[in-house]
Amino acid sequence: MLAATAAPQLVATAVPASSCTTNSYLMWAVHGTNAATIRSKATTHSTALGILYKSHKFKVHSWTKGAQWVNITDKNTGVRDWVSGKYAYRDVKMCLD
């Protein structure tokens, strides 16, 4: 009688997040919405300081692990603080190696 063996494990290889989030030459933009709230801290429960519209240009200063929150300066209004990484992120086309 043959012993039962576990099915082989599939190992997914992914491009490291750093290839998209740490390359300072790739452009960031607002996606998935027309506007995102700029907040005083990297949390939805913090004070709203302004709105980052899709048409606005912005500078990225830093981001949290996994780019869940992005610290930006809105070049149109001068407001600097945190925007959700759900809305401010790099275009996938720009991250392909």
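This report describes the fold, the nonpolar core and selected residues of a predicted model.

**Overall architecture and confidence**

The chain contains two helices and seven strands. Read from the N terminus, these elements follow the order α-β-β-β-β-β-β-β-α. Of the 97 residues in the chain, 30% are buried. Among contacts with a separation of 6 or more, 43% join residues that are 24 or more positions apart. The exposed surface of the chain amounts to about 7,100 Å², and 57% of it is supplied by carbon and sulfur atoms.

The average pLDDT of the chain is 79, and 66% of the residues score at least 70. Over residues 7-17, pLDDT stays under 50, and the model has one contact beyond four places in sequence for this segment. Where pLDDT is low, the predicted coordinates should not be read in detail.

**The nonpolar core**

The largest nonpolar core comprises 12 residues: W28, V30, A36, I38, L52, F58, V60, A67, V70, I72, V83 and A88. Strands β1 (28-30), β2 (35-39), β4 (58-63) and β5 (69-74) are the elements that each give two or more residues to this core. In soluble globular proteins, nonpolar side chains tend to be buried together.

A88, one of the core residues, touches W28, A29, V30, F58, V70 and V83 when residues up to four places away in sequence are not counted.

**The aromatic pair**

One aromatic pair is found in a search of the whole structure. W28 and W63 form this pair, with 5.5 Å centre to centre and 35 degrees between the planes, a tilted arrangement. Because W28 lies in strand β1 and W63 in strand β4, the pair ties together parts that are 35 residues apart in sequence. The two partners differ in exposure: W28 counts as buried at 11% relative accessibility, whereas W63 is partly exposed with a relative accessible area of 29%.

**Residues of strand β6 and the loop before β1**

Strand β6 (residues 80-84) includes S84, and D81 is found in strand β6 as well. S84 is buried, with a relative accessible area of 13%. Leaving out residues up to four places away in sequence, S84 touches Q68 and W69.

D81 is also buried, at a relative accessible area of 18%, a value that falls under the 20% limit for burial. Beyond its neighbours within four places in sequence, D81 is in contact with I38, R39, S40, L49, V70, N71 and I72. Among these contacts of D81, I38, V70 and I72 belong to the largest nonpolar core. The C-alpha atoms of D81 and H61 are separated by 9.2 Å, with their positions 20 residues apart along the chain.

M27 lies in the loop between α1 (18-21) and β1. At 53% relative accessibility, M27 counts as exposed. A C-alpha separation of 9.2 Å is found for M27 and K59, which are 32 residues apart along the chain.

**Accessibility of the residues discussed**

| Residue | Relative accessible area | Class |
|---|---|---|
| W28 | 11% | buried |
| S84 | 13% | buried |
| D81 | 18% | buried |
| W63 | 29% | partly exposed |
| M27 | 53% | exposed |

Definitions and conventions
Residues are numbered from 1 along each chain as its sequence is written. This is a predicted model: local features need pLDDT of at least 70, side-chain atom pairs count only at pLDDT 80 or more; totals for chains, interfaces and linings use all residues. Side-chain values use heavy atoms; hydrogens and water are left out. A nonpolar core is a set of buried Ala, Val, Leu, Ile, Met, Phe, Trp, Tyr and Cys residues joined through side-chain atoms within 4.5 Å. Buried means under 20% relative accessible area, exposed over 50%, partly exposed in between (1.4 Å probe, protein chains only). Helices (H or I, at least four residues) and strands (E, at least two) are DSSP runs, numbered from the N terminus. Contact means heavy atoms within 4.5 Å. Rings of Phe, Tyr and Trp (its six-membered ring) pair if their centres lie within 6.5 Å; planes under 30 degrees apart count as stacked, over 60 as edge-to-face and the rest as tilted. pLDDT is the predictor's confidence in each residue, from 0 to 100. Accessible areas come from the Shrake-Rupley method with a 1.4 Å probe; for residues, only the protein chains shown count as cover.
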